[in-house]
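Here is a short briefing to read alongside the structure. Keep the viewer open, and follow the points in whatever order suits you.

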Amino acid sequence: MATANTDSNHVLVQRFRLPAYAAMIASQRIIHGVVASAGAAIGRAVRAFDPLFIPFNFKIRPEQARREVERFHASVEKSREQLKRVQAELKRKTGPEPSFLIDAHLLVLQDRLFVDRIIEKIETDHINPEWAILSAGFCTIFSQSRCHLSGSCRTMRS
Amino acid sequence: MKEREIVIGHRLGLHARAAARLVQLSTKFQSNIALFRYDTGNPLEADARSILSILLLSAGFGSKVSVRAEGVDEDQAIEIICNYLAG
């Protein structure tokens, strides 16, 4: 049984008045998957997302831009905290070498080229931050290693 | 201002991890440091403190890159950055 993150989704539904989205998250679903391994496991069900799959792109009103920029900043900050936690965990488990890759993600989040471009798109194109991140074209840089700007994309959705 | 051309010696080119290390190195200097690629159709410029602009250079193994440093510690900056890029 898979359940959606109902609290944050409820906020999204209220804020953006998305009835179709509301209907989707209101139901719980049994998911039949591919038999990838023998046996059964009981545990927490996690919905896996394609990092580039953005569930909603929409235009905003000019007066909403400031709030959306603030939401973007908050999400960047949250992503940074999550990445630092992952980095600390990696260092503890596997040593410093793999954690250097996390540095690249952290540097992207503080890169003015990235941050300023997203804000510019929100303010001038009047689109939501998720759409701005996708349309800015930076995600493709990391596409080969599947290391998209997933932190901020994902945090924006939660 | 100092400028020096260097051939990328990292086997995987300036990939994410190498670019991150370059940004970390560059921020240790006061000088402004920029990378240029003249071997593409349009010359490309990257700020050495911006990981995205470095990745957008798409400098693979064997690419020629010019490093330009301008500031009080430009000599040291050029030396260390070029040594790193040479691999």
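Which radius of gyration would a compact globule of 87 residues have, and what does chain B have? The rule puts such a globule near 12 Å, and chain B comes to 11 Å, so the two agree. Please keep in mind that this is a predicted model. The points below start with chain B, move on to a pair of helices in chain A, and end where the chains touch.

**Chain B: overall layout**

- Chain B holds three helices and four strands.
- Along the sequence these elements follow one another as β-α-β-β-α-β-α.
- The C-alpha trace of chain B spans about 30 × 25 × 20 Å along its principal axes.

**Chain B: the sheet**

- The four strands of chain B make an open sheet in the order β1-β4-β2-β3, with antiparallel pairing.
- The edges belong to β1 (2-7) and β3 (44-47) of chain B; each has a single partner strand, so one side of each has no neighbour in the sheet.
- On average, and ignoring direction, neighbouring strands of this sheet are turned by 25 degrees against each other.

**Chain B: strand by strand**

- Starting from one edge, β1(B) runs antiparallel to β4 (residues 64-70) of chain B, and six bridges join them.
- Within β4(B), the residue standing opposite B:V7 is B:K64.
- Next in line, β4(B) and β2(B) are also paired in the antiparallel sense, here over five bridges.
- For that pairing, B:N32 has B:E70 in β4(B) as its bridge partner.
- At the other edge, four bridges connect β2(B) with β3(B), and these strands run antiparallel.
- Here B:A34 finds its bridge partner in B:D47 of β3(B).
- Together β2(B) and β3(B) form a hairpin, with six residues between the two strands.

**Chain B: a helix on the sheet**

- Which strands does helix α3 (residues 74-86) of chain B lie across? This helix lies across β1, β2 (32-37) and β4 of chain B.
- Relative to β4(B), helix α3 of chain B runs at about 160 degrees.

**Chain A: two packed helices**

- Two packed helices are described by the angle between their axes and the distance between the axes.
- In chain A, the axes of helix α3 (residues 65-94) and helix α5 (residues 112-125) come within 9 Å and cross at roughly 155 degrees.
- Angles over 145 degrees count as roughly antiparallel, and α3(A) and α5(A) are therefore roughly antiparallel to each other.
- The crossing of α3(A) past α5(A) is right-handed.
- On the α3(A) side, the residues that meet α5(A) are A:A65, A:E68, A:V69, A:F72 and A:V76.
- Their counterparts in α5(A) are A:V115, A:I118, A:I119, A:I122 and A:E123.
- By class, the residues of this helix contact comprise eight nonpolar and two charged, with no polar ones.

**Where the chains touch**

- How many residues does each chain bring to the contact? Chain A brings 15 residues and chain B brings 11.
- On the side of chain B that touches chain A, the elements giving two or more residues are α1 (16-26) and α2 (51-57) of chain B.
- That side of chain B is made up of eight nonpolar residues, two polar and one charged.

Definitions and conventions: Residues are numbered from 1 along each chain as its sequence is written. Chains are lettered from A and ligands numbered from 1 in the order in which they are written. This is a predicted model: local features need pLDDT of at least 70, side-chain atom pairs count only at pLDDT 80 or more; totals for chains, interfaces and linings use all residues. Two residues are in contact if their C-beta atoms, placed from the backbone, lie within 7 Å. Ala, Val, Leu, Ile, Met, Phe, Trp, Tyr, Cys and Pro count as nonpolar, Asp, Glu, Lys and Arg as charged, and the others, Gly among them, as polar. Axes are lines fitted to C-alpha atoms, for helices over the stretch in contact, and angles run from 0 to 180 degrees between N-to-C directions. Angles under 35 degrees count as roughly parallel, over 145 as roughly antiparallel, 65 to 115 as roughly perpendicular and the rest as oblique. A crossing is left-handed if the near helix is turned anticlockwise from the far one by less than a right angle, and right-handed if clockwise. Two strands pair if DSSP finds at least two bridges between them. The radius of gyration is taken over C-alpha atoms; the globule rule is 2.2 Å times the number of residues to the power 0.38.
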